[in-house]
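Trainee: Please give me a close look at the interior of this protein and the surroundings of that interior. I'd like one connected tour, with each term explained as you go.

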Amino acid sequence: AYWSQEERELFLAGLEQYFPDWPHVIASNGDHVSVGLGPGVAELISQHMGTRSVAQVRSHAQKYFLRKFREGRAGRRSPRP
């Protein structure tokens with residue numbers, strides 16, 4: 001099911017509160033991106049949200065981090081002539 005705007009905002013607030021260093025933990029090895037919430041963080045965010053399971057939070061986080069990584073990488077590309 002799609003996440004509501006309120007759920008997205010709660011996810012981001014939980015991410016900021018329980019995993020404030022997340023922008024610095026994205027590791028890339030070529031096309032492979034590795035991101036983890038860390039022990040217990042998905043559980044805390046799930047409790048913070050109250051509407052999504054731990055598995056749903058982990059899945060959403062994985063997609064969110066991958067999207068942010070791709071956006072950042074796209075912003076660093078050299079302009080084409």
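Mentor: Happy to; we'll start with the overall layout, then go through the core, one helix and the largest pocket.

This is a predicted model, where local features need pLDDT of at least 70 and side-chain atom pairs count only at pLDDT 80 or more, while totals for chains, interfaces and linings use all residues. Residues are numbered from 1 along each chain as its sequence is written, and side-chain values use heavy atoms, leaving out hydrogens and water.

The protein has 3 helices and 2 strands, arranged α-β-β-α-α from the N terminus on. Here helices (H or I, at least four residues) and strands (E, at least two) are DSSP runs, numbered from the N terminus. Of the 81 residues, 26% count as buried. Buried means under 20% relative accessible area, exposed means over 50%, and partly exposed lies in between, using a 1.4 Å probe and protein chains only.

Now for the inside. The largest nonpolar core has 14 residues; such a core is a set of buried Ala, Val, Leu, Ile, Met, Phe, Trp, Tyr and Cys residues joined through side-chain atoms within 4.5 Å. Phe11, Leu15, Phe19, Leu37, Ile45, Val57 and Phe65 have the most contacts inside this core. Helices H1, H2 (41–49) and H3 are the elements that each give two or more residues to the core.

Ile45 is a good place to pause. This residue lies in helix H2 and counts as buried because its relative accessibility is 0%. The C-alpha atom of Ile45 is 9.0 Å from that of Leu12, although the two residues are 33 apart along the chain. Glu16, 29 residues from Ile45 in sequence, is 9.7 Å away, C-alpha to C-alpha. Glu16 is in helix H1 and counts as exposed because its relative accessibility is 60%.

Ile45 also has buried company in H2: Val41, Ala42, Ser46 and Met49 are buried as well. The five cover an arc of only 135° around the axis, so they are on the same side of H2; the arc is that of the directions from the helix axis to the C-beta atoms. An α-helix has 3.6 residues a turn, so residues three or four places apart point the same way. Just after H2, Gly50 takes a positive phi of about 80°.

Back in helix H1, Glu7 is buried, with a relative accessible area of 11%. The Glu7 side chain makes a polar contact of 2.9 Å with the side chain of Arg52. A polar contact is a pair of N or O atoms within 3.5 Å; within protein, one must be able to donate a hydrogen and the other to accept it, and residues adjacent in sequence count only if both atoms are side-chain atoms.

Last comes the largest pocket, whose lining includes Trp3, Phe11, His60 and Arg67. A pocket is an open set of points on a 1 Å grid over the protein atoms alone, where a 1.4 Å probe fits, with protein on both sides within 12 Å along at least five of seven lines; lining residues have an atom within 4 Å of a point. H1 (5–18) and H3 (54–75) are the elements that give two or more residues to the lining, and H3 gives the most, with 6 residues. Phe11 therefore appears in both places, among the core residues with the most contacts and in the pocket lining.
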